[in-house]
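Open the model in your viewer and keep the sequence panel visible. The stops below say what to select and what is there.

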Amino acid sequence: ILDEIRERCPKLERVIEGSTNAIWSVSVSQDGKRLASASFEKAVSIWDITTGALLEKRAVPSSNPFAVTFSPVDDSLVASLNSGDILHWPEKAERGAPRVLRGHIGSSRNLTFSPDGSRLASASYDGTVRVWDTATDELVQVLRGQTDRVRDVRFSSDGALVFTGSRDRFVRAWDGERLKLAHRRTRGHRD
């Protein structure tokens, strides 16, 4: 029976080692060749998926990163920080200093790109979601309506809706084009 169970279980392909602290988030590049990780060592690490080799470690000077995400359309990379700031390394400035997007007054815990890569949404413990233009890094809209910390944000696959999940146990759906509340709320989660 144990042999049968082992055959059905997924096989571990590799372990990527090298981080000195807890890893909070990972993201795979759109070409599938690199992995980014955010850890509490004030750095975002870039790894070669095939070999597991550390390609680059990008220092985060002031705060620990919670989430990291590659753009779905190019090599742009973003990280959300405990300070509330968002770091954006555009594709063409990949190895240079990141652009800093400021506005959250609480820890920024999660972020996501729109499917076309033109917008970035960041969720924060300040109870808001901020939507940014990725070409200019300008703030497009602040989504308010959550009554507690916002822990997650995702665009629908067509970009028509933005979903937010909050500590208040509600999921909210926002119109992705107008960035207005599209569906009041869905409740059902308990602590």
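Start by selecting strands 13 (residues 150-155) and 14, which pair in the antiparallel sense over five bridges; strands are DSSP runs of E of at least two residues, numbered from the N terminus, and two of them pair if DSSP finds at least two bridges between them. This is a predicted model, in which local features need pLDDT of at least 70 and side-chain atom pairs count only at pLDDT 80 or more, while totals for chains, interfaces and linings use all residues. Residues are numbered from 1 along each chain as its sequence is written, and side-chain values use heavy atoms, without hydrogens and water.

Pick Arg-154 next: its bridge partner in strand 14 is Phe-163. Five residues lie between the strands of this hairpin, and there Gly-159 has a positive phi near 75°.

Now show the side chains of strand 14 (residues 161-166), which alternate. Val-162, Thr-164 and Ser-166 point to one face and are buried (under 20% relative accessible area with a 1.4 Å probe, protein chains only). Leu-161, Phe-163 and Gly-165 point to the other face and are not buried.

Add strand 15 (residues 170-175), joined antiparallel to strand 14 by five bridges. Leu-161 stands opposite Asp-175 there. In the hairpin of strands 14 and 15, with three residues between them, Arg-169 takes a positive phi near 75°.

Move to Asp-75, in the loop between strand 5 (65-70) and strand 6 (77-81). Asp-75 is buried at a relative accessible area of 17%. Display Arg-34 too: a polar contact of 2.7 Å joins the two side chains (a pair of N or O atoms within 3.5 Å, one able to donate a hydrogen and the other to accept it; residues adjacent in sequence count only if both atoms are side-chain atoms).

Conventions: Helix = DSSP H or I, 4+ residues; strand = E, 2+ residues; numbered from the N terminus. Buried < 20%, exposed > 50% of the residue type's maximum accessible area, 1.4 Å probe, protein only.
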